[in-house]
Amino acid sequence: MLLVLHEAAQSATGVQLQNQTQNRQQQQQFLSVDYYKRTCPDVEKIVHQVMVQKFREAPVAAAGTLRIFFHDCMVQGCDASVLVASTSHNKAEKDFDINLSLPGDGFDAVMRAKQAVENRCPRTVSCADILAIASRDLIGMIGGPFWPVKKGRKDSYTSHAARVPGNLPSSKNTVSELMHLFSSKGFTTEEMVALAGAHTAGFAHCKEFNDRIYNWKNTSRIDPTMNPLYAANLRLACPRNVDPTIVANLDVTTSKKFDNVYYQNLQKGLGLLSTDQALFNDPRTKPLVNRFAASQERFFAAFASAMQKLGSIGVKSASQGNIRINCAAFNQ
Ligand code: HEM
Ligand SMILES: [Ca+2]
Ligand SMILES: [Ca+2]
């Protein structure tokens with residue numbers, strides 16, 4: 001009787017959150033920083049070398065790879081499901097609408113690192129782990145913080161475009177929707193705001209923010225939370241009916257540098273996506289934006305810790321996944 005009462009007293013979300021915390025703790029148990037100590041001791045060095053080379057050729061790979069990692073972990077966990085190519089029998093995650101803009105340079109960075117690792121330690125290191133290391137290294141190259149990457153993730157046996165919807169944020173979301181999504185993955189509001197700081201680098205296609213500069217709330221006005229001069233410049237960069245490949249920097253001030261300027265921009269109405277700007281305009285997230293805008297140190301600490309949490313979502317054990325030889329295809 002007591003037990004029944006106790007259970008009834010717990011809200012459904014409370015129970016869910018508790019289960020998620022337990023799952024994550026279990027998942028983290030088999031991840032460790034020195035997972036490949038005996039089987040591939042140089043894995044981090046090998047991946048790093050490839051990233052140095054890739055970054056030299058294509059610095060845009062830094063932001064691109066981070067976004068791929070985020071999109072991997074949010075859908076079915078950090079299991080390299082996002083790297084799988086579609087076949088005639090299966091439409092993979094990569095070909096779901098929101099993932100079509102994931103950049104080729106990010107995928108190429110991971111594929112090249114995987115090749116280099118396979119040459120030294122065949123069939124040993126998962127694509128999911130390589131993606132986690134690559135993202136961390138590239139962020140470092142554009143000035144971001146360092147964090148230790150725990151390893152031991154297995155690669156997924158599945159990747160379905162139909163599993164993507166509902167698991168990734170969209171530039172059309174409200175702050176409440178974002179908070180709901182991120183908390184469903186185990187993140188606090190502070191962690192969500194810290195992760196959104198990833199938009200300190202990289203770019204977005206015009207269609208992601210065009211309604212803010214041409215058609216705010218279906219009027220012909222400009223989003224009033226946007227700095228008017230910034231809006232005017234964005235109109236020049238993104239004319240109506242523009243070539244769909246045109247992009248604008250997510251951080252209008254320092255798009256090539258991983259820093260806290262993203263948050264300082266939000267304070268001035270210089271957020272590109274409506275979701276970025278909304279973090280400053282919503283009273284639940286505004287104090288966090290102000291905190292990170294005031295201290296890059298606090299932003300870096302929060303970002304590094306949230307990235308480690310991101311890297312532990314839905315991690316698969318040996319019975320739930322394997323080591324893919326080619327990250328883009330399941331083993332035969
Ligand atoms: C808070 C909710 C978020 C929303 C609504 C969102 C949405 C978007 C959108 C629409 C783009 C532009 C894509 C394009 O047009 O090509 C983008 C780019 C990007 N996002 Fe997010 N994102 C969010 C959170 C995150 C998080 C948590 C991370 C990583 C930790 C992240 C990393 C990136 C990066 C690095 C880019 C630039 C990619 C590039 O330059 O190739 N985003 N995001
Ligand atoms: Ca995944
Ligand atoms: Ca920046």
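Helix α4, which spans residues 61-74, makes the greatest contribution to the shell around ligand 1, supplying 5 residues in this predicted model. That shell counts 25 residues, and those closest to the ligand are S101, P169, A198, G202 and A204. Besides α4, the helix α8 (189-196) and the strand β1 (203-205) each provide at least two residues to the shell. Sorted by class, the residues around ligand 1 comprise 14 nonpolar, 9 polar and 2 charged, and at least three of them come from each of domain 1 (43-168) and domain 2 (187-309).

Helix α8 appears again in the surroundings of another helix, α12, where it is among the elements that cover the buried residues. Of the 8 residues in α12 (residues 274-281), 6 are buried, so this helix is largely enclosed by the rest of the structure. The buried residues are S274, T275, D276, Q277, L279 and F280, and their cover includes, together with α8, the helices α7 (175-184), α9 (210-214), α11 (261-267) and α13 (286-294).

Two loop residues deserve a look for their backbone angles. Most residues other than glycine have a negative phi, yet R123, which is not a glycine, has a positive phi of about 50 degrees. R123 sits in the loop between α5 (104-120) and α6 (127-141), and it is exposed because it has 11 other C-beta atoms within 10 Å, where 12 or fewer is the cut-off. K217, likewise a residue other than glycine, has a positive phi near 50 degrees. K217 lies in the loop between α9 and α10 (228-237), and with 9 C-beta neighbours inside 10 Å it therefore counts as exposed.

Terms used
Residues numbered from 1 in each chain as written. Chains lettered and ligands numbered in written order. Predicted model: local features only at pLDDT ≥ 70, side-chain atom pairs only at ≥ 80, totals over all residues. Near = placed C-beta within 6 Å. Helix = DSSP H or I, 4+ residues; strand = E, 2+ residues; numbered from the N terminus. Nonpolar A, V, L, I, M, F, W, Y, C, P; charged D, E, K, R; others polar. Domains from an automatic or database assignment. Buried ≥ 20, exposed ≤ 12 C-beta atoms within 10 Å, placed from the backbone. Contact = placed C-beta atoms within 7 Å.
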